[in-house]
Amino acid sequence: MRIHEIHVTPVAFKDPPLLNASGVHEPWALRTVVEVVTDEGVTGLGETYGDLSHLDRVRAAARALTGLPVHAHHALHARVAAAIGADVFTDQHGLTGAGSHQKTVDAVFSPFEVACLDIRGKAAGLRVADLLGGPVRDAVPYSAYLFYKWAGHPGADEDRFGAALDPEGIVAQARLLIEEYGFTSIKLKGGVFAPEQETEAVRALHDAFPGLPLRIDPNAAWTPATSAGVGASLDGVLEYLEDPAPGIDGMAEVAAQVPMKLATNMCVVTHDHLPPAIARGAIGVLLLDHHYWGGLLRSAQVAALCDTFGLELSMHSNSHLGISLAAMTHLAAATPNLTHACDTHTPWQDGQDVVAPGALRFTGGAVPLPDGPGLGIELDRDALAAMHEQYRRITVRRRDDTAYMRRFDPEFQPKRAHW
């Protein structure tokens, strides 16, 4: 089968005012939906970021892939690399680590690779997880992903999640998500308030949900010295501590002083980062993200490397839709050493999706592997059209948490090694 045509559709959907070290989410999140159609009429789906510069690269790569076999993984990657040239993409929110040429190529390649695996699975009557070596678990656990947040966007009505600006609000938010989705582990996005305040919230969660694994991610907002102090104070409370301080060197300094493992999706984001991080003992848990590690096959290769060097695995999330959730679930289901619950933003999308209902659901905090071939999902074309129209109507063309925050706090500065 060869690629006959590719449809690239930018979409926008509502996003709550979630706070982080870089600022706050805007009212609209952006994504790009990729549909690869073969000369035999089989269609595969992929999903990626929606910032305009990334979208332009995806469109350029799509034009370069027409005519290639869907099985030609390496040739597809090489065509994408040629289409990208020397470009380097750096996200505006700064929460997924430094940009590089390799990361840029892999991020553009990822949705096409996922779509081709979807096609290959459909053609063979196999699930994508089967193509990745076969599932080792029938359902993938995800975490309740908590955020400090405003009650609603300024000038808009309060959303159904309400405000969470103190420990009581965070515990109430956790209770809501756990009741609705059945999550059995919890992650708190930190880097918003002083470490002492966020530590208090973690302890409140520990008291409210005894026995549930807890983690906090301040997105490198703390210095190594502060990180070491927080880590020591939360001994026996945290499952792991995620990206407390900037860079491999900063993380290595912290790792040598704290009792729990350090995790990252910021200081190790390409293959080149693995050797120095391993040599320095900077991390104990890597958060895979197929969106910028180059798709599912390349992520599986990274997982095997991590297993060789004794690194544990979880999975990073961003403001994604159901195509990404399906791809994440297939990858996690087929990765034996991914033993920590994955992150997901799905609850914050509050039912908005481009995937037809039924294939993806949460049961006891986990997503069962879809039964159908390929990704096991179908596109909801009415929802896709509505989200594309929303994209055309709004003016947002890139995610910029800092700029949005400065509309309301002109003096705001991103928090990197701030505390």
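**Strands, a cavity and a crossover**

Mentor: In β4 of this predicted model, T32 is the bridge partner of P10.

Trainee: What makes β1 and β4 a strand pair, given that P10 and T32 are one bridge?

Mentor: A pair needs at least two bridges. Strand β1 (residues 3-14) and β4 have eleven bridges, in the antiparallel sense, so the criterion of at least two is met and they count as paired.

Trainee: What makes β4 and β5 a pair?

Mentor: The same reasoning applies. Seven antiparallel bridges link β4 to strand β5 (residues 43-49), and V33 has E47 as its bridge partner in β5. Since the cut-off is at least two bridges, β4 and β5 are a pair. They also form a hairpin, with four residues between them. In that turn, G41 has a positive phi of about 85°.

Trainee: Why is β4 called largely enclosed?

Mentor: Buried means under 20% relative accessible area. Eleven of the eleven residues of β4 (residues 28-38) are buried, so the rest of the structure largely encloses this strand.

Trainee: How do you know that both faces of β4 are covered?

Mentor: Take the two sides in turn. W28, L30, T32, V34, V36 and T38 are on one side and are buried. On the other side, A29, R31, V33, E35 and V37 are buried too.

Trainee: Which residues cover the two faces of strand β7?

Mentor: For β7 (residues 144-147), A144 and L146 are buried on one side, and Y145 and F147 are buried on the other.

Trainee: What makes β7 and β8 a pair, and in which sense do they run?

Mentor: Four bridges join β7 to strand β8 (residues 186-189), and the two run parallel. Because at least two bridges are required, four make them a pair. Y145 has K187 as its bridge partner in β8. From β7 the chain crosses through helix α5 (residues 167-181) to β8, and this β-α-β crossover is right-handed.

Trainee: How many cavities of 30 Å³ or more are there in the whole structure?

Mentor: A search finds two. The second largest holds about 40 Å³ of space.

Trainee: What lines the second largest cavity?

Mentor: Its lining consists of V70, H73, L76, F109, E113, C116, L117, R120 and L297. The elements giving two or more of these residues are α2 (73-84) and α3 (101-124). The largest share, five residues, comes from α3.

Trainee: Which classes do the lining residues of the second largest cavity fall into?

Mentor: Six are nonpolar, one is polar and two are charged.

Terms used: Residues numbered from 1 in each chain as written. Predicted model: local features only at pLDDT ≥ 70, side-chain atom pairs only at ≥ 80, totals over all residues. Heavy atoms only, no water. Buried < 20%, exposed > 50% of the residue type's maximum accessible area, 1.4 Å probe, protein only. 1 Å grid on protein atoms, 1.4 Å probe; cavity = no way out; pocket = protein on both sides within 12 Å on 5 of 7 lines; lining within 4 Å. Points joined across faces, edges and corners; volume = space filled by probe spheres on them. Nonpolar A, V, L, I, M, F, W, Y, C, P; charged D, E, K, R; others polar. Right-handed = clockwise from strand over helix to strand, strands pointing away.
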